[in-house]
Amino acid sequence: MTDLAADPPRAEELRRQLVDGLVDEGTIVSKGVETALRAVPRHLFAPEAALEEAYDARNAVVTKRDEHGVALSSVSAAHIQAMMLEQSGLAEGMRALEIGSGGYNAALMAEVTGASGHVTSVDIDADVVARARGLLARTGYTAVRVEQADAENGYAPSAPYDAVIVTVGAWDLPPAWTEQLTAGGTLTVPLRLNGLTRSVAFERVDGHLAARSVKVCGFVPMQGAGAHPERLLQLRGTHVALRFDEHWFPDADRLQGVLDGERVEAWTGVRIGSAVPFDTLQLWLATALDGFGLLSVDPEGDPGPVAPLNTKACPAVVDEASLAYLAVRRVSDDPAEFEFGAHAFGPQGRELAHRVADLVRRWDREYRGGPGPRITAFPADAAVPVPPPPGRVLAKRHARIVLTWP
Ligand SMILES: C[S@@+](CC[C@H](N)C(=O)[O-])C[C@H]1O[C@@H](n2cnc3c(N)ncnc32)[C@H](O)[C@@H]1O
């Protein structure tokens, strides 16, 4: 437990360092968000964590796990919270809804919206609601309303909202979230797009939502009516896995033994530095490739010839009995410089590897350094503008998400 009485100056010092760092790196850009992060004592909302952990910008403090140890609730990492507050355009006087409670982020929202605004926070889990209420009361944020509710229905009693901020991973956009927004209100949501999670800030325009900001993030998954488990295909026993998040799933029988054959490779000439983000490449492949999935390898297991670019969620594609994934190789004596390519297996492996490599080269020529796709969302029963390939419509239960590469 953090001993506050013994160490408040240290907490203040760590908070100052945290906020200075987020300002310096450009995550915090508005005065309102900066003032809020300087004001709210984050450590009081994560009393189970050491002060250094509570004030580590990249660290989420897990507050509840299921029986398998999987995180169900957390105080999200401060850099993600600051990023999403900025994306949402939250400002003084606004009415706001937070979906997924913890206390800390609701307190930040209360600071930003001020005495003339109002914040409601809902969580599906009674323990989380009780904890958030207790922490908010203890820290003096008594005007925040915390209620137990399934996010599927938003929270009508406090609507309409100028901003809805979803702080739990969502596969879909339930109609209530849009219906409870004011005209011109924003919905900021960690949305799963063909397996990749992006924090998307949507604006309500006419009968649809238009994204104005898209950022990389990760969140615990939605429970309740909006839960949507990924589907898993295991290869090489359980050492290699493919995950599929939309409706398509490969014919598992055709892929059995695919990794026993020869590995073919195709290289692109496209280079990347080791610490340089390339999240638009992942989204580009997830949009452009039919049969897209995410490949992972068990770091404790034997992956055989499978050497993906990362072990947890590597862009991959399946076509009938063949499989390819994104890979990198070192190109020079510089240990921080790599070349993108593809590894592939199966009867169409060579063609599939070249398909991935061609797409990487096209991303490099046309989209690298750009903002990524335009993202719009429509109700499932609306007429949807279908973009030309490589654009894609993701058909969710409630929404149609349209990704267009300009
Ligand atoms: C990452 S935590 C929220 C963090 C919090 N906003 C903070 O202050 O950092 C995600 C929360 O979403 C909640 N949740 C999951 N599914 C939900 C649902 N369908 N409706 C409401 N809350 C849900 C979980 O119980 C969990 O407490």
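Q: Which residues come nearest to the ligand in this predicted model?
A: The model is predicted. The ligand has 25 residues around it. Of these, the nearest are Ser73, Gln81, Glu98, Asp123 and Ala151.

Q: How far does a polar side-chain atom of glutamine 81 lie from an oxygen atom of the ligand?
A: Glutamine 81 is one of the residues that come nearest to the ligand. The atom in question is a polar one of its side chain, and the ligand offers an oxygen atom. The distance between the two is 2.8 Å.

Q: Which residue places a polar side-chain atom 2.9 Å from a nitrogen atom of the ligand?
A: Two residues have a contact at 2.9 Å, so the atom types must be checked. For serine 76, a backbone N or O atom lies 2.9 Å from an oxygen atom of the ligand. The side-chain contact to a nitrogen atom belongs to threonine 167.

Q: How much of the ligand's accessible area does the protein cover?
A: On its own, the ligand has 610 Å² of accessible area. The share covered by the protein is 100%.

Q: Which element supplies the largest share of the shell around the ligand?
A: Strand E2 (71-75) and helix H5 (104-113) each give at least two residues to the shell. The largest share is four residues. That share comes from E2.

Q: How many residues of helix H4 are buried?
A: Helix H4 covers residues 78-88 and is mostly covered. Its buried residues include Ala78, Gln81, Met84 and Ser88. Just after H4, glycine 89 takes a positive phi of about 70°. The buried count for H4 is 11 of its 11 residues.

Q: Which strands stand at the edges of the sheet of 10 strands?
A: This open sheet has mixed pairing and runs in the order E5-E4-E3-E6-E7-E8-E9-E17-E19-E18. An edge strand here pairs on one side only. The edge strands are E5 (145-148) and E18 (392-395).

Q: What is the bridge partner of leucine 97 in E6?
A: Strand E3 (residues 95-99) runs parallel to strand E6 (residues 161-166). Four bridges join them. In E6, the partner of leucine 97 is valine 164.

Q: Which strands does helix H6 touch?
A: Helix H6 spans residues 126-139 and packs on the sheet. Its direction makes about 165° with that of E5. The strands H6 touches are E4 and E5.

Q: Why is one side of E10 and of E12 left without a neighbour in the sheet?
A: Seven strands form an open antiparallel sheet in the order E10-E11-E13-E14-E15-E16-E12. Strand E10 (231-235) and strand E12 (264-273) stand at its edges, so one side of each has no neighbour in the sheet. The reason is that each has a single partner strand.

Q: Which residue in E15 does alanine 316 stand opposite?
A: Strand E14 (residues 314-319) pairs with strand E15 (residues 322-330) in the antiparallel sense. Four bridges make up this pairing. Opposite alanine 316 stands tyrosine 325.

Q: Why is helix H9 largely enclosed by the rest of the structure?
A: Helix H9 (residues 279-288) lies across E13, E14, E15 and E16. Its buried residues include Leu281, Leu283, Trp284 and Leu285. The helix is largely enclosed because the buried residues number eight of the 10.

Q: What angle does helix H10 make with E12?
A: Helix H10 spans residues 349-367. H10 lies across E12, E14, E15 and E16. Relative to E12, H10 runs at about 15°.

How values were computed: Residues numbered from 1 in each chain as written. Predicted model: local features only at pLDDT ≥ 70, side-chain atom pairs only at ≥ 80, totals over all residues. Heavy atoms only, no water. Pairing = 2+ DSSP bridges. Contact = heavy atoms within 4.5 Å. Axes fitted to C-alpha atoms, helices over the stretch in contact; angles between N-to-C directions. Buried < 20%, exposed > 50% of the residue type's maximum accessible area, 1.4 Å probe, protein only. Near = heavy atom within 4 Å. Polar contact = N/O pair within 3.5 Å; in protein donor to acceptor, adjacent residues only side chain to side chain. Areas by Shrake-Rupley, 256 points an atom, 1.4 Å probe, with all protein chains shown as cover.
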